[in-house]
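Please look over the protein chain shown here before reading on. The report is meant to be read beside the sequence and the structure.

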Amino acid sequence: MPRIAFITEFDGTDFAGFQSQENARAVQDVIEKALEELYKTKIRLTGCSRTDAGVHAKGQVANFHCKSEMPAGEILAQLRRYLPGDIGIYSCEDVHDRFHARLNAKRKTYCYRIWNSNAPCVFENRFAAVLPEKL
C-alpha cells in the first residue's frame with residue numbers, strides 16, 4: 001500500500017491546533033476531509049508534531065497510506081483544490097513503507113515573533129505577539 005508524505009504550512013489563527021479534535025477545527029481534520037474527498041475512503045493522517053491553538057506552521061511534514069496508485073504530483077494538485085486558503089501544501093512524494101512523520105523527524109524549529117511597538121501593524125497582527133511596552 002503506497003505511503004505518501006507531504007510538507008504543509010498553515011495559518012493557525014482559526015484552528016484549535018494541528019491534531020484532530022472533537023468539536024473544534026483542527027488542521028489534521030481539514031486535511032483528512034480533503035483526502036477523503038479525493039480518495040472516497042477514510043484516510044488517517046500522521047503529523048510530525050502537534051501545535052497549540054492559534055499556532056502557525058511552516059514546513060510541517062505529514063504522511064498517510066492509501067490504496068490508490070495516483071502519482072504524487074497529481075495528489076498534490078488535487079489536494080490543493082480541496083484545501084482552504086489557510087492550509088497550503090508545498091510538496092508531495094512517495095516514501096518508503098516504514099516512513100513515519102513523527103518518528104522520523106530529525107529536528108523542529110520554533111520561532112517566536114514579537115511586534116514591539118505601540119503603533120499597529122495590520123500585516124503582522126495574526127503572526128506576532130503585540131507588546132507595545134518597552135522590552
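The sections below describe a predicted model, beginning with the whole chain and then turning to single residues and the largest pocket.

## Overall build

The protein chain contains two helices and six strands. In sequence order these elements follow the pattern β-α-β-β-α-β-β-β. Along the principal axes, the C-alpha atoms fill a box of roughly 55 × 30 × 30 Å.

The chain has 135 residues, and 37% of them count as buried. Among contacts with a separation of 6 or more, 63% join residues that are 24 or more positions apart.

## Surface and charge

The accessible surface of the protein chain comes to about 8900 Å². Carbon and sulfur atoms account for 50% of that surface.

There are 19 positive and 17 negative charges in the chain. The mean positions of these two sets are 4 Å apart.

## Two buried residues: Ile 31 and Thr 8

Ile 31 lies in helix H1, which covers residues 27–39. Its relative accessible area is 0%, and so Ile 31 is classed as buried, the cut-off being under 20%. Leaving out residues up to four places away in sequence, Ile 31 touches Phe 6, Thr 8, Leu 45, Leu 83 and Ile 87.

One of those partners, Thr 8, lies in strand E1. Thr 8 also has a relative accessible area of 0% and is therefore buried. Ile 31 and Thr 8 are 23 residues apart in sequence, and their C-alpha atoms are 9.9 Å apart in space. Beyond its neighbours within four places in sequence, Thr 8 is in contact with Ile 31, Lys 58, Gly 59, Gln 60, Ile 87, Gly 88, Ile 89 and Tyr 90. Ile 87 is thus listed among the contacts of Ile 31 and also among those of Thr 8.

## Gly 59 in strand E3

Gly 59, a contact of Thr 8, is found in strand E3. What is its exposure class? Gly 59 is partly exposed, because its relative accessible area is 39%, which falls between the 20% and 50% cut-offs.

Apart from neighbours within four places in sequence, Gly 59 is in contact with Ile 7, Thr 8, Glu 9 and Tyr 90. Tyr 90 is likewise in the contact list of Thr 8. Phe 10 is 49 residues from Gly 59 along the chain, and the C-alpha atoms of the two are separated by 9.1 Å.

## Loop residues

Asn 23 is placed in the loop between E1 and H1. This residue has a positive phi of about 60° although it is not a glycine. Its relative accessibility is 82%, so Asn 23 counts as exposed.

Lys 40 lies in the loop between H1 and strand E2, the latter being residues 46–47. Lys 40, too, is not a glycine and has a positive phi of about 60°. With a relative accessible area of 66%, Lys 40 is exposed, as the cut-off for that class is over 50%.

Is Gly 85 buried or exposed? Gly 85 is exposed, with a relative accessible area of 87%. Its place is in the loop between helix H2, residues 72–82, and E4. Gly 85 and Asp 11 are 74 residues apart in sequence, while their C-alpha atoms are 8.8 Å apart in space.

## The largest pocket

The largest pocket has a volume of about 1200 Å³. Its lining is made up of 35 residues. Those nearest its centre are Val 55, His 56, Ala 57, Lys 58 and Thr 109. The elements that give two or more residues to the lining are strand E1 (3–10), strand E3 (57–65) and strand E4 (87–95).

Which element supplies the largest share of the lining? E3 does, with five residues. Two residues discussed above belong to strands that contribute to this lining: Thr 8 lies in E1 and Gly 59 in E3. Lys 58, one of the residues nearest the pocket centre, is also a contact of Thr 8.

Methods: Residues numbered from 1 in each chain as written. Predicted model: local features only at pLDDT ≥ 70, side-chain atom pairs only at ≥ 80, totals over all residues. Heavy atoms only, no water. Helix = DSSP H or I, 4+ residues; strand = E, 2+ residues; numbered from the N terminus. Buried < 20%, exposed > 50% of the residue type's maximum accessible area, 1.4 Å probe, protein only. Contact = heavy atoms within 4.5 Å. Areas by Shrake-Rupley, 256 points an atom, 1.4 Å probe, with all protein chains shown as cover. Lys, Arg positive; Asp, Glu negative; His and termini not counted. Charge placed at Lys NZ, Arg CZ, Asp CG, Glu CD. 1 Å grid on protein atoms, 1.4 Å probe; cavity = no way out; pocket = protein on both sides within 12 Å on 5 of 7 lines; lining within 4 Å. Points joined across faces, edges and corners; volume = space filled by probe spheres on them.
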